[in-house]
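Q: Please take a close look at a single helix of this model, and set that helix in the context of its own chain and of the partner chain.

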Amino acid sequence: MGGRSSAGCGAVSVVAMSNVGYRLIGCRPSISFSQCLRFATVFLAGCIALGFSLNANAQVAAQGVSKSDELRAFGSTTMRSRYYALINELRCPKCQNQNLSDSDAPIAEDLRNELFSLLDEGYSDQEIRDFMTARYGTFVLYQPPLTRFTLALWLVPLGLLLISGLIIWRMTGKPRGLTDPNFEHHASLQKVGAVNAGIEPISMKVDALDRHIAELERTHEHDK
Amino acid sequence: MNARLRLFIPLLIFAVVALVFLTLEKRIGSGEYDPSNLPSAMLGQSVPAFNLSRLMDAEQVVDAEDIVGQAALLNVWATWCIACRAEHAYLNELASQGVPIFGLNYKDERAAAVQWLQRLGNPYRLNIFDFKGSLGLDLGVYGAPETYVIDAQGIIRYRHVGILDAKVWREKIEPLGLQWAVAQAQGAAL
């Protein structure tokens, strides 16, 4: 599961960065800020939902993947749930990215059998993990321990999360939209507007409004 | 920074990422790096204890003491393994040069394995018949062929996953600096 969630986190960050990045470097996306935020929210929600469904799929797969699993005589329901938890947690050494429950590789079947007999002999979960790591290395653990070799693995997703958070914080702190008259490109827009006969520059509208107010004030004074 | 130059930041990020992946791809292509090649967890450890029968004689028992005593190769093989067929000729060559090779016949049928050796030649000083793969599991074997380099003290010094050939011998096994008893006498043949 660790691999999946960090990959998901990476994808979210990349998308967040590519959408938000354009705002930060000062060019205008064609969608508005609120649209962008809505998209990001929907995307994030989608990712989380996908994560959960993948997780659920893995559980379902574990329940019915192998005939031999169905035929195992579990001593108790605790043992049964420990067995399924462990075959989901341990990785098949032959495969690049499958756990023991997913894999059809002969070695995965051997390890499931071994796992079952170790449970039967009364090994604890940690003792079973140690047994597997002693033979196949930390590769078999989908939840690798924090060592100096795995530091990057643990810190990169955190770092990406932090960067994404910073970007979103910066975005939401200073919303700058097309209608904001203080926007730094106001002047250049006006120029474009002046050239384009169909669009009236904002300053002209403001001037017209000023004139209108002045006129209103005059008539008001005249009434007095 | 110039606002126009900042537009190139995404391109720059892309270039860096592309460079990383291209280098990786190149290293995989040249065989320098193989992501499916796990480092053995058994390096620096003794050959695990076992008690199995010999391939040639089901009545005869083999244990770790039978294979420890000189620098040797422990080759994991099976008749169902196509790559084992491919490396067999090189094993014969090594054996003829005097390198001690022990076989671990892994999850195989005894009759088929014996027939294979009769047909293709027998480079092994002794074959361990591991029908259930129990020694394989203790060694951390996850497929065949695999070759373990064991020194005179019975310590596992190197594990090669895949076909053993002259290149692997030259680049991986020779630099370990083990005394390959007879091979030394024959000089630079290896």
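A: The expected span of a helix is 1.5 Å times one less than its number of residues. The model is a predicted one, and the part examined here is helix α6 of chain A, residues 125–136. With 12 residues at 1.5 Å a residue, α6(A) should span 16 Å, and because its end C-alpha atoms lie 16 Å apart, the expected and the modelled lengths agree.

Confidence supports the choice of this helix, since among the elements of chain A the highest mean pLDDT, 94, belongs to α6(A), whereas helix α1 (residues 2–24) of chain A has the lowest, 46.

Turning to its faces, the buried residues of α6(A) are A:Ile128, A:Met132, A:Arg135 and A:Tyr136. Seen down the helix axis, these buried residues fall within an arc of 80°, so they line one face of α6(A). An α-helix has 3.6 residues a turn, so residues three or four places apart point the same way. On the face turned away from the buried side, α6(A) carries the exposed residues A:Gln126, A:Glu127 and A:Asp130.

What do the buried residues of α6(A) pack against? Their partners are α4 (77–89) and α5 (106–120) of chain A, together with α5 of chain B, and the helix is followed by A:Gly137, whose phi is positive, near 80°.

The contact with α5 of chain B leads to the interface, where 16 residues of chain B are in contact with 16 residues of chain A. On the side of chain B that touches chain A, the elements giving two or more residues are α1 (3–6), α2 (9–29) and α5 (134–139) of chain B. The residues of that side divide into 10 nonpolar, 4 polar and 2 charged.

The largest nonpolar core has 51 residues, and those with the most contacts inside it are A:Leu115, B:Ala72, B:Leu74, B:Ile101, B:Phe102 and B:Tyr106. Of these, B:Leu74 is in contact with B:Ile67, B:Phe102, B:Leu104, B:Tyr148 and B:Ile150, leaving aside its neighbours within four places in sequence.

The chains that carry these parts can be described in turn. Chain A has 9 helices and 0 strands, and of its 224 residues 12% count as buried. Chain B has 7 helices and 7 strands, which follow the pattern α-α-β-β-β-α-β-α-β-α-β-β-α-α along the sequence, and 30% of its 190 residues count as buried. Among contacts between residues at least 6 apart in sequence, those joining residues at least 24 apart make up 56% in chain A and 71% in chain B.

Another helix of chain A, α7 (residues 151–173), has 23 residues that should span 33 Å at 1.5 Å a residue, and its end C-alpha atoms are 32 Å apart, which agrees. Of the 23 residues of α7(A), the number buried is 1, so this helix lies largely in the open.

Some caution is needed elsewhere in chain A, which averages a pLDDT of 74, with 58% of the residues scoring at least 70. Over residues 19–29 of chain A the pLDDT stays under 50, and the model has 19 contacts beyond four places in sequence for them. Residues 60–65 of chain A also have a pLDDT below 50, and this stretch has 7 contacts in the model beyond near neighbours in sequence. Where pLDDT is low, the predicted coordinates should not be read in detail.

Methods: Residues are numbered from 1 along each chain as its sequence is written. Chains are lettered from A and ligands numbered from 1 in the order in which they are written. This is a predicted model: local features need pLDDT of at least 70, side-chain atom pairs count only at pLDDT 80 or more; totals for chains, interfaces and linings use all residues. Two residues are in contact if their C-beta atoms, placed from the backbone, lie within 7 Å. Helices (H or I, at least four residues) and strands (E, at least two) are DSSP runs, numbered from the N terminus. Ala, Val, Leu, Ile, Met, Phe, Trp, Tyr, Cys and Pro count as nonpolar, Asp, Glu, Lys and Arg as charged, and the others, Gly among them, as polar. A residue is buried if 20 or more other C-beta atoms lie within 10 Å of its own, exposed if 12 or fewer, and partly exposed in between; C-beta atoms are placed from the backbone. The arc is that of the directions from the helix axis to the C-beta atoms. A nonpolar core is a set of buried Ala, Val, Leu, Ile, Met, Phe, Trp, Tyr and Cys residues joined through C-beta atoms within 7 Å. pLDDT is the predictor's confidence in each residue, from 0 to 100.
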